[in-house]
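Good morning, and thank you for coming. May I ask everyone to look at the model on the screen before I begin?

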2 protein chains.
Amino acid sequence: MAFGEFDLIARWFTRPGRESERIALGVGDDCALVRPTPGMQLAVSTDMLVEGRHFLSSVPPQRLGHKALAVNLSDLAACGAAPLAFTLALSLPRVDPAFLDGFAHGLLALADAHGIELIGGDTTAGPLNICITVFGEVPPDQALLRSGARAGDDLWVSHPDGGGLGDARLALEAFRGHVSLDADAFEAVRARMELPTPRNALGLALRGVATSAIDLSDGLLGDLQHVLARSSVGATLDADALPLSAVLAAQAVTLRRECTLAGGDDYELLFSAAPARVAAVQAAAAQAGCAIARIGRVDAAPGLRVVDARGRHVATPWAAFDHFKI
Amino acid sequence: MAFGEFDLIARWFTRPGRESERIALGVGDDCALVRPTPGMQLAVSTDMLVEGRHFLSSVPPQRLGHKALAVNLSDLAACGAAPLAFTLALSLPRVDPAFLDGFAHGLLALADAHGIELIGGDTTAGPLNICITVFGEVPPDQALLRSGARAGDDLWVSHPDGGGLGDARLALEAFRGHVSLDADAFEAVRARMELPTPRNALGLALRGVATSAIDLSDGLLGDLQHVLARSSVGATLDADALPLSAVLAAQAVTLRRECTLAGGDDYELLFSAAPARVAAVQAAAAQAGCAIARIGRVDAAPGLRVVDARGRHVATPWAAFDHFKI
């Protein structure tokens, strides 16, 4: 059975009767119509995912649908914005019902878990490309920005219970054949690469507590550098304080350091807060049901210093992830 | 000189100090922050452009930048929403400064002409793909929708002064070698394909006047069918009333009909209005400085009938444009 563009939208991406107090008009007209909450600021972010760059052809479609929305929700989390709605633009080599069944299921299940609606989009034939734009709301002057870190602040990172940073990168190294993992270990880190958990509850709980925040997408060092540059500060990072999964903890120290410090694809929150707010930070994490670890401090002196638990310099020879430099 | 992803954003797509009353935070954080006007509805639309589908590799980069934003502005025009801001996600095979100079110039010149800001985006390496999401504002219950056409309404279409529908399709046929045009004629229709003019002033002026509107992107017949389906009505279209450029008027009647009725890529507004509102329609067009033509009427009987000036049936053997059916 051949599906056309409009059949595709109707079958996989239209859910009639989903209009609400906030969504005046969803999929099906030239524009969607949203009713923002009066007085709130609108937070907007867009991410484009390309095969071979942001995901491998081996990813199950349901996980790809989840991840495409998760990386966008993660940007709202980093701003402390409450998710509202999203649009989806999709370029597909062909209409493959099995792919679209899985993709739409993974995408819409995560949307439902966060109470947000797919309000519009575009589909076209072409190389596989997924572009999602996400909208959220945040009260004026309460958004978490990259520019708010202050000298003396603690640096914190979120992580999965019993897990840590760098697992997604370890999975990528395993897919590339650079490292060998047993089946259970591979499945565990593969799930971290393919099914990231956006930290939206934590982002909301950190409003008024964190001084800055960013989500970890390109690797801890590179993402932290963005915060330092926008905040005009430096930092010292304790490489041994970074949370680790059991799988990554079992790897050689060089690989461990590369995965945690320069891995990318973590989608955890990196944030700063005044030391006097430790209790408030811990209460926010408890409220969000999310594990956090203190991993360093913000310095007045420019530059980023990475040390181990004994205060010795740790070499960081890796470039931050850059789509045009790999 | 090699440019990385962040150099690219900084050099071509960041314009510091462009924050305003409406844009609280632009490019450079996890999210942009917009201050919607209290009480207004937010109109949102997204369009993805793929090489070989929406543009040819021969398009000058400056025109491509213009067109990528124009097709999105056209969706806001069709809803009667005032443009506010947009995001850009861009997948590029490589960082080509000459391409990016032209693309950014064409894109931002049109943005400036409409007083809207590029507030965020994403860049990645991959097959050329441009995804823009555009935001506008419209007062509650004043958006022009596809669902408002009523039996007895006149059908109208906008067009360039001295021009008409179908020129973009004629240019495509010339590029494909299916038709031969002299140099001046080719340049004229090529400009209509590569530099569409979104009808935003007309869309705003038609609030409270038009009963329905849609922008012509996939071809008049297909786009009109969307209006008829959403409005549960039929229509009669006068093929001889469609506005024509001199270049297209000189072509054989079959080609002329195919280009105007099924051409696509026109980005004119097709709208309906009660016959009693003819003066208001003409005043709106005059206020917007935009030519319009009356091309048919809405019928209570379902179905779309195409006739010529003498009322004879006109065959319409062309399928509506569908990205997955060509």
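I shall speak about the relation of the chains, one strand residue, one helix pair and the aromatic rings.

Please keep in mind throughout that this is a predicted model.

Let me begin with the two chains. A turn of 180 degrees, with a shift of 0.0 Å along the axis, lays chain B on chain A with an RMSD of 0.0 Å. The two copies are therefore related as by a two-fold rotation axis. Within chain B, the C-alpha nearest that axis belongs to Pro38(B), at 2.6 Å from it. Both copies use the same surface, since 100% of the contact residues of chain B recur in chain A.

I turn now to a single residue, Gln41(A), which is placed in strand β3 of chain A, residues 41–50. Is Gln41(A) buried or exposed? Its relative accessibility is 6%, and Gln41(A) therefore counts as buried, the limit being under 20%. Leaving aside residues up to four places away in sequence, Gln41(A) touches residues of chain A, including Gly136(A), Glu137(A) and Val138(A). Gln41(A) also touches residues of chain B, among them Ala24(B), Leu33(B) and Arg35(B).

Next, the helices of chain B. Helix α2, residues 61–79, packs with helix α3, residues 97–113, at an angle of about 35 degrees, and their axes are 6 Å apart. This crossing of α2(B) and α3(B) is right-handed. On the α2(B) side, the contact includes Leu64(B), Leu69(B) and Leu73(B); on the α3(B) side, it includes Phe99(B), Phe103(B) and Leu107(B). By type, the residues of this contact comprise 10 nonpolar, 6 polar and no charged.

Finally, the aromatic rings. How many aromatic pairs does the structure hold over all chains? There are 9. One of them is the edge-to-face pair of Phe13(A) and Phe103(A), with 6.4 Å centre to centre and 75 degrees between the planes. Phe13(A) lies in helix α1 of chain A and Phe103(A) in helix α3 of chain A, so this pair ties together parts that are 90 residues apart in sequence. Phe13(A) counts as buried at 6% relative accessibility, and Phe103(A) counts as buried at 0%.

Another pair is formed by Phe135(A) and Phe135(B): the ring centres are 5.5 Å apart and the planes stand at 90 degrees, so this pair is edge-to-face. Each residue lies in strand β6 of its own chain, and the pair therefore joins two chains. Both Phe135(A) and Phe135(B) are buried.

To close, ring pairs link Phe13(A), Phe99(A) and Phe103(A) into a cluster. Thank you for your attention.

Definitions and conventions:
Residues numbered from 1 in each chain as written. Chains lettered and ligands numbered in written order. Predicted model: local features only at pLDDT ≥ 70, side-chain atom pairs only at ≥ 80, totals over all residues. Heavy atoms only, no water. Least-squares fit on C-alpha atoms with pLDDT ≥ 70 in both. Contact = heavy atoms within 4.5 Å. Helix = DSSP H or I, 4+ residues; strand = E, 2+ residues; numbered from the N terminus. Buried < 20%, exposed > 50% of the residue type's maximum accessible area, 1.4 Å probe, protein only. Axes fitted to C-alpha atoms, helices over the stretch in contact; angles between N-to-C directions. Left-handed = near helix turned anticlockwise from the far one by under 90°. Nonpolar A, V, L, I, M, F, W, Y, C, P; charged D, E, K, R; others polar. Phe/Tyr/Trp six-rings, centres within 6.5 Å; stacked < 30°, edge-to-face > 60°.
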